[in-house]
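Trainee: New structure on my screen. Walk me through it, please.

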Amino acid sequence: MTERHIVALSAGLGRPSSTRLLADRLAEATATELADRGQRPEVRVVELRDHAHDIVNAMLTGVPSPELAEVIEAVTGADALIAVTPLFTTTYSGLFKSFVDVLDKDSLVGLPVLLGATGGTARHSLALEYSIRPLFTYLRADVATTSVFAATDDWAAGATADEPSPLPARIRRAGAELATTVAARGPRGPQDPFAGAPSFADLLGG
């Protein structure tokens, strides 16, 4: 069985948070689907709030702390990334965007990414498509077609047999889509941001 490393990012500010809950559910669905495909999933969930000060310092200095550098290496070397953010003023949170900003612009190229977001009402769900998806498309990640938005009411226990909540089915569908993409590829492994840079010998030879 091939080991697959999945990193789930949660940009939730509270503890507990619905953002972390959605990240956990998406990670669980993806891991289940990978196991069904003969893969051995290893899931790591990263709470960005635990690294908030380091993220700000990295933006100011351009140098990540050892702890943040380890998180960045885990994200960029993963076989897939699940990225979940709360929505504020119809877009991703500042913490979420700040973390993305400290990544090398080429570090997510080709990385399978599943997007998720949480918000108060379903009217904010389109932010996934007009705000968050373009961000990862710009970074040339391989973004899953299915994204998942969870409003406050989606977590309520009020769904009936006649009108079940669509959230669990959408989570399963998104997880299956991401797992299919990951299983079709070889392990990704750590990314070298200088892999494409010419050597000194090449420069001197030119």
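Mentor: Start with surface: accessible areas come from the Shrake-Rupley method with a 1.4 Å probe, and for residues only the protein chains shown count as cover. This is a predicted model, where local features need pLDDT of at least 70, side-chain atom pairs need 80 or more, and totals use all residues. Residues are numbered from 1 along each chain, and side-chain values use heavy atoms, without hydrogens or water.

Trainee: So how much surface does the protein expose?

Mentor: About 10,700 Å², with carbon and sulfur atoms supplying 56%. Of the 206 residues, 42% are buried (under 20% relative accessible area).

Trainee: How many helices and strands?

Mentor: Seven of each (DSSP runs: H or I, at least four residues; E, at least two). The order is β-α-β-α-α-β-β-α-β-α-β-β-α-α.

Trainee: Which way do S1 and S2 run?

Mentor: Parallel. Nine bridges join S1 (residues 2–10) to S2 (residues 39–47) (pairing takes at least two DSSP bridges). Ser10 has Glu47 as its bridge partner in S2.

Trainee: What about the largest nonpolar core?

Mentor: That core has 37 residues; Leu81, Phe96, Phe99, Ile132 and Phe136 touch the most other members (a core is buried Ala, Val, Leu, Ile, Met, Phe, Trp, Tyr and Cys joined through side-chain atoms within 4.5 Å). Elements giving it two or more residues include S1, H4 (94–102) and H5 (127–138). A second, separate core of 21 residues includes Ala8, Leu22, Ala29 and Val84.

Trainee: Back to Ile132. What is it in contact with?

Mentor: Skipping neighbours within four places in sequence, Ile132 is in contact with Thr85, Leu87, Tyr92, Phe96, Leu115, Ala117 and Ala127 (heavy atoms within 4.5 Å).

How values were computed
Buried < 20%, exposed > 50% of the residue type's maximum accessible area, 1.4 Å probe, protein only.
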